[in-house]
Amino acid sequence: MNILLTGATGKVGRHVTEGVVARGHHVRALTRTPGTAGLPAGVEVVQGDLEQPGTVAAALEGIDRMYLFPVPETVHEVVALARKAGVRHIVVLSSSSVLEDESNPSHQHHRTVERAVEDSGADWTFVRPDEFAGNVLWKWGESIRTEGVVRAPYGKAARAIVHEADIAAVVAAALLEDGHAGAQYVVTGPRALTQVEQVDALSEALGREIRFEELSREAGREAMSRVMPPPVVEMLLDYLAASAVTPGPVTDAVRKVTGREARTFASWAAEHAESFSSSS
């Protein structure tokens, strides 16, 4: 089986690459910068960019199955090239946000990709993770390293945040095993944790106290607006507000697809403790 992995150097893609290679399959990995990919030995690394579909055509030659990173702006061209090359099954990295209101920018982003793949005539599987555990690195990493504090609105907002390796394990199973065509997997961690509980888990993993300081919605908006556009800020604030009232979903997709339980956030925190060190 010949498999093309787009987004192969990403948070999920690296784990997918390792999982597929470990099971003895030929992997072709698409990346914009092959010289810095740092992927496992035996991976065929090729240059290409989903934002420039013409650069992807050669990478699709001889490919049976494909892992597709979501780039809605060019997805129709990329999927057309894949079908022309004979790709039979496309596994899409999507998002649980496709189950939210259509006005949600994340819904629009990911559902555009899903629809293009649905319309292509290929078999498909949609892997729809909830919030990535790794998001805490960009959200809170700097303030934890420099001040030992997390400042955020809606401390009671609870989501079953998911380890990226578990998302990848579901993707790999869908790529390599039969029986996943037409499946839509909402992938979560094993338990919904509030933001305060997430900070407690980080404190335990780091062996030092991390304080949580609650922000008002207005203060949260001001802080988030420094690094995100207004529509995304409002989407995230609404997402947190809703999760403070009704915790996010908890599914058993990881167990059903892979045969083992989903990893806990505590395990993710222990694995990444050094990333929150002041010396990192």
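Helices, taken as DSSP runs of at least four residues, are numbered from the N terminus. In this predicted model, H6 is followed by glycine 207, whose phi is positive, near 70°.

**Helix H6**

Helix H6 covers residues 195–206. At 1.5 Å a residue, its 12 residues should span 16 Å, and the end C-alpha atoms are 16 Å apart, so the expected and computed spans agree. The buried residues of H6 are Gln195, Gln198, Val199, Ala201, Leu202, Ser203 and Leu206.

**Nonpolar cores**

In soluble globular proteins, nonpolar side chains tend to be buried together. Here the largest nonpolar core holds 33 residues. Leu5, Val12, Val16, Val20, Ile167, Leu175 and Val187 have the most contacts inside this core. Two or more of its residues come from each of strands E1 (2–5), E2 (26–31), E5 (89–93) and E9 (184–187), and from each of helices H1, H5 and H9 (253–258). H5 supplies the largest share of this core, with 9 residues.

A second core, separate from that one, has 24 residues, among them Leu4, Val46, Ala116 and Ala122.

Valine 12 belongs to the residues with the most contacts inside the largest core. Leaving aside residues up to four places away in sequence, valine 12 touches Tyr67, Leu93, Phe132, Glu164, Ile167 and Ala168.

**Pocket and cavity**

The second largest pocket has 13 lining residues. Those nearest its centre are Gly19, Ala165, Ala168, Ala169 and Ala172. Helix H1 (13–22) and helix H5 (164–176) are the elements that give two or more residues to this lining. The largest share, 5 residues, comes from H5. H5 thus contributes the largest share both to this lining and to the largest nonpolar core.

The model has 1 cavity of 30 Å³ or more. Its lining consists of Leu50, Leu68, Phe69, Val71, Thr74, Val75 and Val78.

The table sets out the volume and lining of each space.

| Space | Volume | Lining residues by class |
|---|---|---|
| Second largest pocket | About 180 Å³ | 5 nonpolar, 3 polar, 5 charged |
| Largest cavity | About 30 Å³ | 6 nonpolar, 1 polar, no charged |

The lining of the pocket therefore includes charged residues, as Asp, Glu, Lys and Arg are counted, whereas the lining of the cavity has no charged residues.

Conventions. Residues numbered from 1 in each chain as written. Predicted model: local features only at pLDDT ≥ 70, side-chain atom pairs only at ≥ 80, totals over all residues. Heavy atoms only, no water. Expected span 1.5 Å × (residues − 1). Buried < 20%, exposed > 50% of the residue type's maximum accessible area, 1.4 Å probe, protein only. 1 Å grid on protein atoms, 1.4 Å probe; cavity = no way out; pocket = protein on both sides within 12 Å on 5 of 7 lines; lining within 4 Å. Points joined across faces, edges and corners; volume = space filled by probe spheres on them. Core = buried A, V, L, I, M, F, W, Y, C linked by side-chain atoms within 4.5 Å. Contact = heavy atoms within 4.5 Å.
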